[in-house]
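Work through the exercises below with the sequence and the model side by side. Each task is followed by a solution in steps.

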Amino acid sequence: MEFTGLVSTKIQPPRARTARIARPALEAALRDALQRRRLVLLVAPAGFGKTSALAAQIDALPAGTALAWVSLDEDDDALRVFATLGAALEPFDLPWRSAPSALAGQIGEGEAGALRAAVAELAAALAGSDARHGVIVFDDLHRVASPDVHALLDALIERVPANWTVVIASRITPQLALARWRAADELAEFTQEALRFSLDEARALAAAEALPGLEERLPELMERTQGWPAGLRLCFA
């Protein structure tokens, strides 16, 4: 299947940091959510480690897990996002009934019902895959202004098979039908409260940076940064 005009980096998962602070509670909760929930949502301002937290879990996914990663950009529309997702899923040889490029083309032509029809075909292909479990990540949704992209994601979340999980990372809460999945206990949410560093994690960061004399300043720095990981790293720099 050919997807022309796509940037390969849009479907390349980020590498986990080689030197990172262990965060067992967050990692366990995120790992469980990736295996059990329909939708996993990470919402926090820049510097809270949303992408890093996800990257750390990629290597920890059980053998046989299918992973499709889509990095979003300002100029993305529904056609481009669907085509990019098709490219990200290509290695798993899904049993598409219609060519993904043809479905994307129908979305681009604005045919009535084309978007939901394309998502229905996608859901059927996901359901027919050989993957025991699959994870589809949409990173940086806050960059996208197109309402059609949000409509595409809503339709996908609604139809995604039980053995697949949709993951969204954003700096702001997306305009999606989240209340339905909260009520059904199918949504796991990780906000800045969950992503902020604890005092013990800040202490581990200070030790990793090998900066003596910071121990007594940690309460002050935690108060100043409110556990903001990027802010703590700047303080330790």
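## Exercise 1: Placing Arg 17

Task: Locate Arg 17 relative to H1, then state its exposure and its contacts.

Solution. Step 1: Arg 17 sits in the segment before H1. The model is a predicted one.

Step 2: The relative accessible area of Arg 17 is 44%. Because that value falls between the 20% and 50% cut-offs, Arg 17 counts as partly exposed.

Step 3: With neighbours within four places in sequence left aside, Arg 17 is in contact with Ser 52 and Arg 233.

Step 4: Ala 55 gives a further distance to check. Arg 17 and Ala 55 are 38 residues apart in sequence, and their C-alpha atoms are 8.1 Å apart in space.

## Exercise 2: Confidence

Task: State the average pLDDT of the protein chain, and find where pLDDT stays under 50.

Solution. Step 1: The average pLDDT of the protein chain is 89. A score of at least 70 is reached by 92% of the residues.

Step 2: Over residues 1-5, pLDDT stays under 50. For residues 1-5 the model has 12 contacts beyond four places in sequence.

## Exercise 3: The largest pocket

Task: Describe the volume and the lining of the largest pocket.

Solution. Step 1: The volume of the largest pocket is about 440 Å³.

Step 2: Its lining consists of 26 residues. Nearest the centre of the largest pocket lie Phe 48, Gly 49, Lys 50, Ser 52 and Ala 53.

Step 3: Helix H1 (24-36), helix H2 (50-58) and helix H11 (229-236) are the elements that give two or more residues to this lining. H2 gives the most, with six residues.

Step 4: Sorted by class, the lining of the largest pocket has 11 nonpolar, six polar and nine charged residues.

## Exercise 4: The cavity

Task: How many cavities of 30 Å³ or more are there, and which residues line the largest cavity?

Solution. Step 1: The count is one cavity of 30 Å³ or more. The largest cavity has a volume of about 50 Å³.

Step 2: Its lining is made up of Leu 34, Leu 54, Gln 57, Ile 58, Leu 61, Leu 67, Trp 69, Val 135 and Val 137.

Step 3: At least two lining residues come from each of H2, strand E2 (65-71) and strand E3 (133-139). H2 has the largest share, three residues.

Step 4: Eight residues of the lining of the largest cavity are nonpolar, one is polar and none is charged.

## Exercise 5: Salt bridges

Task: State how many salt bridges the structure holds, then examine the pairs Asp 200 with Arg 203 and Arg 224 with Glu 220.

Solution. Step 1: There are 15 salt bridges in the structure.

Step 2: In the salt bridge of Asp 200 with Arg 203, the closest N and O atoms are 2.7 Å apart. Both residues belong to helix H9 (residues 199-208), where they are three residues apart, about one turn of the helix. Asp 200 is exposed, at 56% relative accessible area, whereas Arg 203 is partly exposed, at 29%.

Step 3: In the salt bridge of Arg 224 with Glu 220, the closest N and O atoms are 2.6 Å apart. These two residues are four residues apart in helix H10 (residues 218-225), so about one helical turn separates Arg 224 and Glu 220. Arg 224 is exposed, at 52%, and Glu 220 is partly exposed, at 40%.

## Exercise 6: Asp 140 and Gln 226

Task: Where does Asp 140 lie, and is Asp 140 buried or exposed? Then examine its salt bridges and the phi of Asp 140 and Gln 226.

Solution. Step 1: Asp 140 is in the loop between E3 and helix H6 (147-159). Its relative accessible area is 16%, so Asp 140 is classed as buried.

Step 2: Asp 140 and Arg 143 form a salt bridge, with an N to O distance of 3.5 Å. Arg 143 is partly exposed, at 34%. A network of salt bridges links Lys 10, Asp 73, Asp 76, Arg 80, Asp 140 and Arg 143.

Step 3: Most residues other than glycine have a negative phi. Asp 140, not a glycine, has a positive phi of about 65 degrees.

Step 4: Gln 226 also has a positive phi, near 55 degrees. Gln 226 lies in the loop between H10 and H11 and is partly exposed, at 43%.

How values were computed
Residues are numbered from 1 along each chain as its sequence is written. This is a predicted model: local features need pLDDT of at least 70, side-chain atom pairs count only at pLDDT 80 or more; totals for chains, interfaces and linings use all residues. Side-chain values use heavy atoms; hydrogens and water are left out. pLDDT is the predictor's confidence in each residue, from 0 to 100. Contact means heavy atoms within 4.5 Å. A salt bridge is a side-chain nitrogen of Lys or Arg within 4 Å of a carboxyl oxygen of Asp or Glu. Buried means under 20% relative accessible area, exposed over 50%, partly exposed in between (1.4 Å probe, protein chains only). On a 1 Å grid over the protein atoms alone, a cavity is a set of points where a 1.4 Å probe fits but cannot get out, and a pocket is an open set with protein on both sides within 12 Å along at least five of seven lines; lining residues have an atom within 4 Å of a point. Grid points are joined across faces, edges and corners, and a volume is the space filled by probe spheres set on the points. Ala, Val, Leu, Ile, Met, Phe, Trp, Tyr, Cys and Pro count as nonpolar, Asp, Glu, Lys and Arg as charged, and the others, Gly among them, as polar.
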